[in-house]
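Open the model in your viewer and keep the selection panel at hand. The tour goes stop by stop: select, look, move on.

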Amino acid sequence: MVATAPDDETLPQYHIEAQTSLVERQLRSLKHGDAFAVLDSYGDIGVFPGPEGLYFQDTRFLSRLELTVEGQRPMLLGSVVQDDNGALSVDLTTPDIRLDAGDETSIPREIIALERTKFLFRGTCYDRIGLRNYDTKPRHLRVTLSFDADFRDLFEVRGSDRAHRGKRSVEVTGANEVTFTYDGLDERRRTTRLRFGPRPARLEANRAEFEVRLAPGGRASIFVRAICDTVDLGREGMAAVGSALPFTHAAYPSPRREDGHPKGEGMTFALAYRDARRDLRKATANITTIESSNDQFNEAACRSTADLYMLLSRTPNGVYPYAGIPWYSTVFGRDGIITAMMTLWIDPEIAKGVLRHLAATQATTVDPAADAQPGKVLHETRNGEMAILGEVPFRLYYGTIDATPLFVMLAGQYYEQTGDEATIRAIWPNILAALKWIDEYGDRDKDGFVEYARETEKGLANQGWKDSHDSIFHADGRMAQGPIALCEVQGYVYAGKKSAAKLAALMGDDGLSERLKGEAERLRQAFDEKFYLPELGTYALALDGEKRPCAVRSSNAGHALFTGIAYPERAESVAAALMSKDGFNGWGVRTIASGEARYNPMSYHNGSIWPHDNALIALGLARYGLKAEAARVFEGQHGASLYQEGRRLPELFCGFIQRKQRGPTNYPVACSPQAWAAAAPFAFLAACLGLELRHDRNRIRFREPILPTFLDDVLIRNLKLGDSRVDLLIHRHGSDVTVNVVRRTGDAQVVLLK
């Protein structure tokens, strides 16, 4: 998702600068709706340069929040985001503090405990700082919070320079409130209101100081709320700007008492915390869950679930998984679709929300500045000042070649599993528009392949999922010149048209159904003729503008297996290339095989390893009966997760060869959590089990299931098909697998096919 310029020798456009690595310090992420926070291990913001901040609608609303006691930073004891991602919990203590020359007024270390709890809810960051005195005598402390709000656009934080900015101001607006205001060039006013309880002893524009008196064994609490608001100054005076997650601060009003008594802010904190927990429980109440004989895999599955539901945001059309934190906390078409595909058997509501939202935002006109044409599915949307002003093209940006066929493909998968005809009928005009776009705008030279070439110099140079400026190249390292037909995109079109053929029959259009079937088969034949390279034993990365193949061994070929466009006789040789020592490094399949001209294990797309990419490859291997290879990929990725904090798979990691007693090498600016990485473990498990859910046959089928060596038993609870619910215990006996129905409601059949 890194937007880049085509010149190989210049710094790519919209490049994420990496003077500061996201992995050199342990960062903590929280998200709710359109707000997310990147915090250091102390729960602070901005103590050191980096991406830390409280962000709302692609703008940093809080750029500094630092806690000190008597002018010194506390000592960190522990810091963890709770298992469900609901809050950050931090344990701190005071260091040795000498108030003056006399020992009597010194505070020895470790006698004052500080417990900090932070969470986000409805556009507000809540912060409670609890203090407890473990000394036998009373203690008097000066606790200070230093703060600032720079209102930098997310693209500025990432490294973009701006010649002009709006007007920022700050004002102490009450005995316990400071308000930062930014009147942007986009005619929007953004405000950050900081409210404190109890009333600070001293309150300034960038500093709140509290005098805390603790009896022996005594406790005290300080509460902080950072409330983010955006209003439009340009239309109807000051109209509120909509959010993907509608909220109102009136649900948690300011305390009625104006003396700053902590009971008011404490009650506000407690109510918001209660409702935030209820929201989390409600979101996951009816999903399918997994429990296994391997505690480490259980931790990874729980982390994936927590990350997915933290990244989900409500839109007017249903839930949507935002792509990742910190750089991609917004709607991405491709990411949302692939995440929905991998979690379809866990929670089909995600796929429903993705389909409905992308249908609602589908392009209807030609707009070169946005790379839009009628029927094209959204790539990315942004709400920050730079996007609104057109300084970056991403307010509603359609510069992706794959989201449109993937949209059609997901619609078919969703209907096959759920039988939700009402949703398919509602989006059927959008499916037809997407199919028309594929044929008219996607295949611009009418050769049967879908190609891309950007419409504006501000847009993405490469428009597949590998969108780095140097990711599409020939065997000698020369950059491919467009229009470019990517390997995987032809597979998406093939699978999309096959899916649409079935949906057309459902809609009563048998003529369209037959036409789409024929087009899919002709594409499959042409793909095999043009893309398959016998000398490599795999498919070309792409065809350039002159239809010359990019004879490069890449992970893209695995997507040809995932979509089924590969002829069965090609599957084993493609798998061999993917799983060779050049392709598979022990942790996963590299994006580009070692030995290719532009191979670089530290690159974004030319030798790195992406969990979602590996998950689709595993599904593809399993599709062609190559279950042992799928299990090997699963084992590699699970092994990689054991070296990650919280067992969380990141967006990507480096492709260096696996070494004994060492984990994978981190990529410096990888997002974590990332939605499609979080979804990957569910896809790996489904691939190995050969899990298929068909509503039309009322059947749950396990096709030639296996389990990787690290799993002896897997218990799947609340697996849904229509009105049926089943719990299944899957047990491995050596290389054999049994499936037992533990609980069943409804009449769905469970079939084991060996």
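**Stop 1: the cysteines**

Select C125 and C228 and show their side chains. The sulfur of C125 lies 8.0 Å from that of C228, its closest cysteine sulfur, which is too far for a bond. The cut-off for a disulfide is 2.5 Å between the sulfur atoms. Keep in mind that you are looking at a predicted model.

Is C125 buried or exposed? It is buried, because its relative accessible area is 7%, and the limit for buried is under 20%.

Now select C302 and C688. C302 takes part in no disulfide. Its nearest cysteine sulfur belongs to C688 and is 19 Å away. How many disulfides does the count give? Zero.

**Stop 2: F36**

Keep C125 on screen and add F36. The two residues are 89 apart in sequence, yet their C-alpha atoms are 8.8 Å apart in space. F36 sits in strand β2. Its relative accessibility is 3%, so F36 counts as buried.

Which residues touch F36, once its neighbours within four places in sequence are set aside? Select these:

- L30 and K31
- G53, L54 and Y55
- L120 and L154
- I325, P326 and S329

**Stop 3: the sheet around β2**

Switch to cartoon view. β2 belongs to an open sheet of four strands, ordered β1-β2-β3-β4, with antiparallel pairing. Select 28-32 for β1 and 59-62 for β4; these are the edge strands, and each pairs on one side only. From one strand to the next, the twist averages 25°.

Zoom in on β1 and β2, the latter being residues 35-39. Five bridges hold this antiparallel pair. For one register point, pick S29: its bridge partner in β2 is V38.

**Stop 4: a second open sheet**

Next, find the four strands in the order β5-β10-β15-β14. This sheet is also open, and its pairing is antiparallel. Select 64-69 for β5 and 202-204 for β14. Both stand at the edges with a single partner strand, so one side of each has no neighbour in the sheet. Here the twist averages 15° from strand to strand.

Go to the β14 edge and add β15, residues 207-214. Three bridges join β14 and β15, which run antiparallel. Pick L203 and look across: A208 in β15 stands opposite.

**Stop 5: the β19-β20 hairpin**

Select 312-315 for β19 and 318-321 for β20. The two strands run antiparallel and share four bridges. Two residues link them into a hairpin. Which residue of β20 stands opposite R314? It is V319.

**Stop 6: β29 and its two partners**

Select 713-721. This is β29, a mostly covered strand: seven of its nine residues are buried.

On one pairing, look at β18, residues 289-292. β18 and β29 run antiparallel, joined by four bridges. I290 has I716 of β29 as its bridge partner.

On the other pairing, look at β30, residues 724-733. Seven bridges connect β29 and β30, again in the antiparallel sense. I716 turns up here too: its bridge partner in β30 is L728. Put I290, I716 and L728 on screen together to follow the register, from I290 to I716 and from I716 to L728.

Finish this stop at the turn. β29 and β30 form a hairpin with two residues between them. G722 lies in that turn and has a positive phi of about 60°.

**Stop 7: zoom out**

Show the whole chain as a cartoon. How many helices and strands does the protein chain have? It has 15 helices and 32 strands. The radius of gyration is 27 Å, close to the 27 Å that the globule rule gives for 754 residues, so the chain is as compact as a globular protein of that length. Along the principal axes, the C-alpha atoms fill a box of roughly 85 × 60 × 50 Å.

Color by accessibility. Of the 754 residues, 61% count as buried. Switch to the surface: the protein chain exposes about 28,200 Å², with carbon and sulfur atoms supplying 48% of it.

Last, turn on contacts. Among those between residues at least 6 apart in sequence, 66% join residues at least 24 apart.

Terms used: Residues are numbered from 1 along each chain as its sequence is written. This is a predicted model: local features need pLDDT of at least 70, side-chain atom pairs count only at pLDDT 80 or more; totals for chains, interfaces and linings use all residues. Side-chain values use heavy atoms; hydrogens and water are left out. Buried means under 20% relative accessible area, exposed over 50%, partly exposed in between (1.4 Å probe, protein chains only). Two strands pair if DSSP finds at least two bridges between them. Axes are lines fitted to C-alpha atoms, for helices over the stretch in contact, and angles run from 0 to 180 degrees between N-to-C directions. The radius of gyration is taken over C-alpha atoms; the globule rule is 2.2 Å times the number of residues to the power 0.38. Contact means heavy atoms within 4.5 Å. Accessible areas come from the Shrake-Rupley method with a 1.4 Å probe; for residues, only the protein chains shown count as cover.
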